[in-house]
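Visitor: Could you walk me through this one? I'd like to learn how to read where chains meet and how a sheet is put together.

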Amino acid sequence: MIEMQSVYKTYPNGVTALNGIDVHIAQGEFVYVVGPSGAGKSTFTRLMFREEKPTKGTVLVNNINLSKLKERKIPKLRRQIGVVYQDFRLLPKLSVYENIAFALEVIEESQKNIRKRVMDVLDQVRLKNKARFIPDELSGGEQQRVSIARAIVNYPKLLIADEPTGNLDPETSWEIMSILEEINASGTTVVMATHSKDIVDKMRKRVIAIEDGLVARDEHRGEYGYEA
Amino acid sequence: MMNTGVSTVMKLRTMGRHFREGSKSVWRNGWMTVSSVGAVTTTLLLVGVFLALMLNLNQITQEVEKDVEIKVLLDRTLQDDQDINRVEKELKSISDVRSVKFSSKEKELEQLIESMGDEGKAFELFDQSNPLKDAFVVKPSDPTETIAVADKIKSIKGVSEVNYGEEIVQRLLQFNEYARTIGLALIIALVFTAIFLISNTIKITIIARKKEIGIMKLVGATNGFIRWPFFIEGMLLGVLGAIIPITAVVSGYYYLYYKLRDKIQFEFIQLLPFDPFAWQLSLLILGIGVFIGIWGSVMSVRKFLKV
């Protein structure tokens with residue numbers, strides 16, 4: 001699913017975020033990316049949907065070479081990958097329904113198919129009764145569920161979550177985690193960057209620790225490994 | 001599995017979606033919309049009044065210019081047709097001459113009598129021994145060349161006198177120049193006003209939308225997909241901004257044309273007829289409004305599609 005070969009990333013301001021990363025993630029895996037702030041976690045995940053371009057090295061996602069991907073092909077790639085952020089990134093003026101439908105409108109789906117599919121994913125994240133609300137009228141956990149619904153509405157093979165529980169209280173975080181687990185169980189690869197020791201230690205999945213731009217640890221059924 | 005291909009031809013329902021989104025956005029943006037429409041309204045109002053003025057001025061100038069003619073009086077010694085034909089040929093060979101018309105001395109007298117009305121009857125006595133001269137009426141193709149053409153005609157053998165109302169021609173030329181200078185200054189002022197008003201509004205819009213555009217791209221929207229609703233929104237803003245100016249210009253022109261026409265009597269000032277001029281002007285204002293609106297959106301969106 002994801003293949004990184006000696007990937008380096010230096011930002012224009014001279015900061016080196018990644019210093020030679022080699023990682024292989026198979027289809028259907030659930031992977032936590034952990035590590036201190038500023039160690040390169042975010043850069044690592046952002047390379048996977050071509051939000052960033054590697055300075056050196058190869059990034060393959062779903063057999064697409066992202067280093068060589070043309071600018072105008074990026075939208076097509078993004079439609080195969082679901083992305084969830086800490087700050088939700090919902091369109092503030094659109095309703096819950098419209099936010100999710102947007103991801104289907106860009107591939108010119110028919111209104112009939114859109115309605116059916118949006119209601120299905122709203123059911124999946126248990127928000128069917130909030131379809132007409134706008135994001136500001138929802139709690140943080142609900143907003144995150146909307147952004148997850150939007151991320152999976154296109155049946156992506158890969159879901160990338162950048163600290164999805166970072167803004168949420170523990171109880172709400174567990175709701176989000178159970179939804180992500182369900183999505184993973186249906187065959188979608190999930191890559192999640194997180195700071196939550198609690199979640200990583202309880203769920204016991206593969207853990208990739210990034211420190212100083214290098215893979216410091218890569219364990220199956222791993223632990224968080226840092227103080228909370 | 002759903003369709004994930006990037007199709008090059010936009011589906012009709014997608015166009016419909018862009019229209020819905022564009023018009024929703026007009027409504028949702030509230031005060032931003034009011035301020036954009038206000039900017040377009042102000043600009044179009046000025047442009048509309050100015051256009052009505054300029055087009056009428058142009059019309060008047062053209063009417064006056066049409067009347068410019070040079071009267072070429074011939075020597076009485078020129079008797080036979082051969083000589084007259086030679087002068088006619090020479091007149092026609094001068095560049096910038098549009099038409100040459102012969103007017104015999106009998107016809108000249110007839111015209112003189114007619115123009116004098118009752119008093120002209122006294123001249124009928126001259127029927128027997130006409131003191132007038134045969135003449136050519138020459139129309140220059142470009143009125144501003146009148147003086148040059150007249151000078152050339154003077155040097156033709158057999159021409160005794162050249163009349164072209166020097167003073168009128170001179171004043172017309174001056175008037176034309178004033179009108180053009182003032183018109184140009186007004187155009188520049190208007191363009192700058194429009195640019196200032198619109199770019200200001202657009203700037204605010206850009207900042208408000210920067211994040212939204214970034215999110216749309218993350219979800220896999222192409223640049224074109226993002227751009228279209230903004231086109232539509234800009235177009236709608238332009239259309240909304242054209243409503244007041246069109247109403248004002250049409251009713252103002254109606255008043256000027258039908259009400260004031262009876263009160264002020266200038267024979268040489270002939271306004272362009274209300275129908276169809278007012279409607280053509282409305283269409284022009286609408287077109288400019290749509291152009292300004294789309295142009296404004298395109299500029300603002302383009303800058304942030306590179307995100």
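Guide: Let's start where the chains meet, keeping in mind that this is a predicted model. The size of an interface is often given as the accessible area lost when the parts come together. Here we can count residues instead: 21 residues of chain A are in contact with 19 residues of chain B.

Visitor: Which elements of chain A give two or more residues to the side that touches chain B?

Guide: Look at α2 (74–78) and α3 (96–105) of chain A. As for chemistry, the chain A side that touches chain B splits into nine charged, eight nonpolar and four polar residues.

Visitor: Now the sheet. In what order do the six strands of chain A lie?

Guide: Strands of a sheet pair through backbone hydrogen bonds, either parallel or antiparallel. In chain A the order is β6-β7-β8-β3-β9-β10, an open sheet with mixed pairing. At the edges sit β6 (81–85) and β10 (214–219) of chain A, each pairing on one side only. From one strand to the next, the twist averages 15°.

Visitor: How many bridges join β9 to β10 in chain A?

Guide: Five, and β9 (residues 206–211) and β10 of chain A run antiparallel. To find your place there, look for A:V207, which stands opposite A:E219 in β10(A).

Visitor: And which strands does helix α5 of chain A touch?

Guide: Helix α5 (residues 140–152) of chain A packs on the sheet against β6 and β7 (158–162), and its direction makes about 165° with that of β6(A). Helix α6 (residues 170–185) of chain A also packs on the sheet, touching β3 (30–34), β7 and β8 (189–193). The direction of α6 makes about 150° with that of β8(A).

Methods: Residues are numbered from 1 along each chain as its sequence is written. Chains are lettered from A and ligands numbered from 1 in the order in which they are written. This is a predicted model: local features need pLDDT of at least 70, side-chain atom pairs count only at pLDDT 80 or more; totals for chains, interfaces and linings use all residues. Two residues are in contact if their C-beta atoms, placed from the backbone, lie within 7 Å. Helices (H or I, at least four residues) and strands (E, at least two) are DSSP runs, numbered from the N terminus. Ala, Val, Leu, Ile, Met, Phe, Trp, Tyr, Cys and Pro count as nonpolar, Asp, Glu, Lys and Arg as charged, and the others, Gly among them, as polar. Two strands pair if DSSP finds at least two bridges between them. Axes are lines fitted to C-alpha atoms, for helices over the stretch in contact, and angles run from 0 to 180 degrees between N-to-C directions.
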